[in-house]
Each structure stands twice: as structure tokens, then as C-alpha cells.
Amino acid sequence: SIIRLSEYSEEEYLEGKYGTQAPNEYTKSLFYKFKNRILDTFSEVESKQKKKYVGFYSKKDGSAICTIEVVRTKLKLCYSTTKKEIVPVDSFVKDYSLKGHWGIGHYMSEITNESDIQKAMPLIEKVYSFKVK
């Protein structure tokens with residue numbers, strides 16, 4: 001029998017096997033760029049595939065740093081904090097605390113291109129610094 005390290009596979013997730021919308025090719029490549037950027041930037045972070053999103057967690061204590069939900073034409077990035085002072089709400093960051101969403105955390109940005117990734121990285125850094133250092 002096949003032993004799977006994780007209950008869910010990234011490949012199957014990106015194919016829409018878990019009831020999510022399969023992303024188009026551009027969105028898929030954007031996801032890989034973003035994922036690699038996060039893992040390259042934060043050595044203390046690992047990614048885990050969940051049913052509805054990919055989570056990025058501290059290797060030290062397992063706390064979530066951010067999650068990415070991949071949908072057809074965009075990535076929904078959730079900053080894994082409930083503290084408004086860490087991730088200020090503006091035109092790029094929305095407060096999702098009262099709206100339904102799959103990711104972990106109250107604040108979300110939609111990532112549709114590489115400049116959005118650039119904008120998001122310092123915010124992820126703030127969550128990371130608060131939780132890991």
C-alpha cells in the first residue's frame with residue numbers, strides 16, 4: 001500500500017480534486033513562484049497541503065504564518081494573525097474576520113500578478129517576525 005506523508009497532494013489540489021476551482025496555467029505558475037519565494041525567504045517555515053489551501057507553518061512550533069487558497073484566476077493569501085496592528089487594512093489588505101473563508105487568519109490579499117507578491121512579502125515578514133523570532 002502507498003504511504004502518503006500528507007492526506008492531500010498539491011498536484012491533486014491544483015487539479016481541483018478537492019472540490020476547489022482548478023487554477024488556470026498562469027495562476028498555477030504564480031502560485032509556484034509565490035510558494036518558492038516564501039520558502040526561500042523564511043528558512044524556519046514549511047508548507048503543508050490542506051484540503052482547501054496550502055499552509056505555511058513555523059517549523060519551531062507549528063503556528064501558521066500564512067495560507068494560500070488557489071482559485072481560478074487568483075491566489076487568496078491569508079495572513080495568519082488576528083492582530084490589526086501587524087497587518088494594517090488598506091486597499092491591498094481586506095479584513096475577512098466576519099466573512100467566510102478557508103484560510104487561517106483575519107486578513108487577506110488577492111494575488112493576481114508578481115507585483116502583488118512583492119507587496120505581500122513584507123506583510124508576511126511582519127507576521128513571521130511576530131510569531132517566530
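Which residues point one way from E2, and which the other way? I would like to begin there, and I should say at once that what we are looking at is a predicted model. Val 54, Phe 56 and Ser 58 point to one side of E2, while Gly 55 and Tyr 57 point to the other, and all of them are buried. The strand as a whole is accordingly described as mostly covered, with five of its five residues buried.

Let me now place that strand in its sheet. Six strands form an open sheet in the order E1-E2-E3-E4-E6-E5, and the pairing is antiparallel. The edges are E1 and strand E5 (94–95), each of which pairs on one side only.

Going through the pairings from the E1 edge, E1 and E2 are antiparallel over five bridges, and a hairpin joins E1 to E2 through four residues. Within that pairing, Gln 49 has Val 54 in E2 as its bridge partner. On the next step across, strand E2 (residues 54–58) and strand E3 (residues 64–71) pair in the antiparallel sense over four bridges. Here Gly 55 has Thr 67 in E3 as its bridge partner, Phe 56 stands opposite Cys 66 in E3, and Tyr 57 stands opposite Ala 64 in E3. The hairpin of E2 and E3 has five residues between the strands, and in that hairpin Gly 62 takes a positive phi near 80°.

E3 then pairs with E4, again in the antiparallel sense, over six bridges, and these two strands form a hairpin with two residues between them. One point of register to look for on the screen is Val 70, whose bridge partner in E4 is Leu 75. E3 is also mostly covered, since eight of its eight residues are buried.

What, then, packs on this sheet? Helix H2 does, touching E1, E2, E3, strand E4 (74–79) and strand E6 (107–111), and its direction makes about 170° with that of E3. Helix H3 packs on the sheet as well, touching E1, E2, E3, E4 and E6, with its direction at about 150° to that of E3.

That brings me to the interior. In soluble globular proteins, nonpolar side chains tend to be buried together. In this model the largest nonpolar core has 32 residues, and those that touch the most other members are Phe 34, Ile 38, Ile 68, Leu 77, Tyr 79, Ile 111 and Ile 124. The elements that give two or more residues to this core are helix H1 (10–14), H2, E2, E3, E4, E6 and H3, and H3 gives the most, with eight residues. If we take Ile 38 and set aside residues up to four places away in sequence, its contacts are Val 45, Phe 56, Cys 66, Ile 68, Met 121 and Ile 124. Phe 56 we have already met, as one of the residues that point the same way from E2 as Val 54 and Ser 58.

Let me turn to the aromatic residues, where the structure holds three aromatic pairs. In one of them, the rings of Phe 31 and Tyr 32 have their centres 5.5 Å apart and their planes at 55°, so the pair is tilted. The two partners differ in exposure, for Phe 31 is buried, with a relative accessible area of 0%, whereas Tyr 32 is partly exposed, with a relative accessible area of 33%. Another pair, formed by Phe 42 and Tyr 128, is also tilted, at 4.6 Å centre to centre and 35° between the planes. Phe 42 lies in the loop between helix H2 (25–41) and strand E1 (45–49), and Tyr 128 lies in helix H3 (residues 114–132), so this pair ties together parts that are 86 residues apart in sequence. Both Phe 42 and Tyr 128 are buried.

Tyr 57, from our opening strand, has a further neighbour to point out, as Lys 48 lies over the face of its ring, at 5.2 Å from the ring centre.

Finally, is Asp 116 buried or exposed? This residue is found in helix H3, and because its relative accessibility is 8%, under the 20% limit, Asp 116 counts as buried. Leaving out residues up to four places away in sequence, Asp 116 touches Phe 92, Glu 110 and Ile 111, and Ile 111 is one of the core residues that touch the most other members.

Technical notes: Residues are numbered from 1 along each chain as its sequence is written. This is a predicted model: local features need pLDDT of at least 70, side-chain atom pairs count only at pLDDT 80 or more; totals for chains, interfaces and linings use all residues. Side-chain values use heavy atoms; hydrogens and water are left out. Rings of Phe, Tyr and Trp (its six-membered ring) pair if their centres lie within 6.5 Å; planes under 30 degrees apart count as stacked, over 60 as edge-to-face and the rest as tilted. Buried means under 20% relative accessible area, exposed over 50%, partly exposed in between (1.4 Å probe, protein chains only). A charge sits over a ring if NZ of Lys or CZ of Arg is within 6 Å of the ring centre and within 35 degrees of the ring normal. Two strands pair if DSSP finds at least two bridges between them. Contact means heavy atoms within 4.5 Å. Axes are lines fitted to C-alpha atoms, for helices over the stretch in contact, and angles run from 0 to 180 degrees between N-to-C directions. A nonpolar core is a set of buried Ala, Val, Leu, Ile, Met, Phe, Trp, Tyr and Cys residues joined through side-chain atoms within 4.5 Å.
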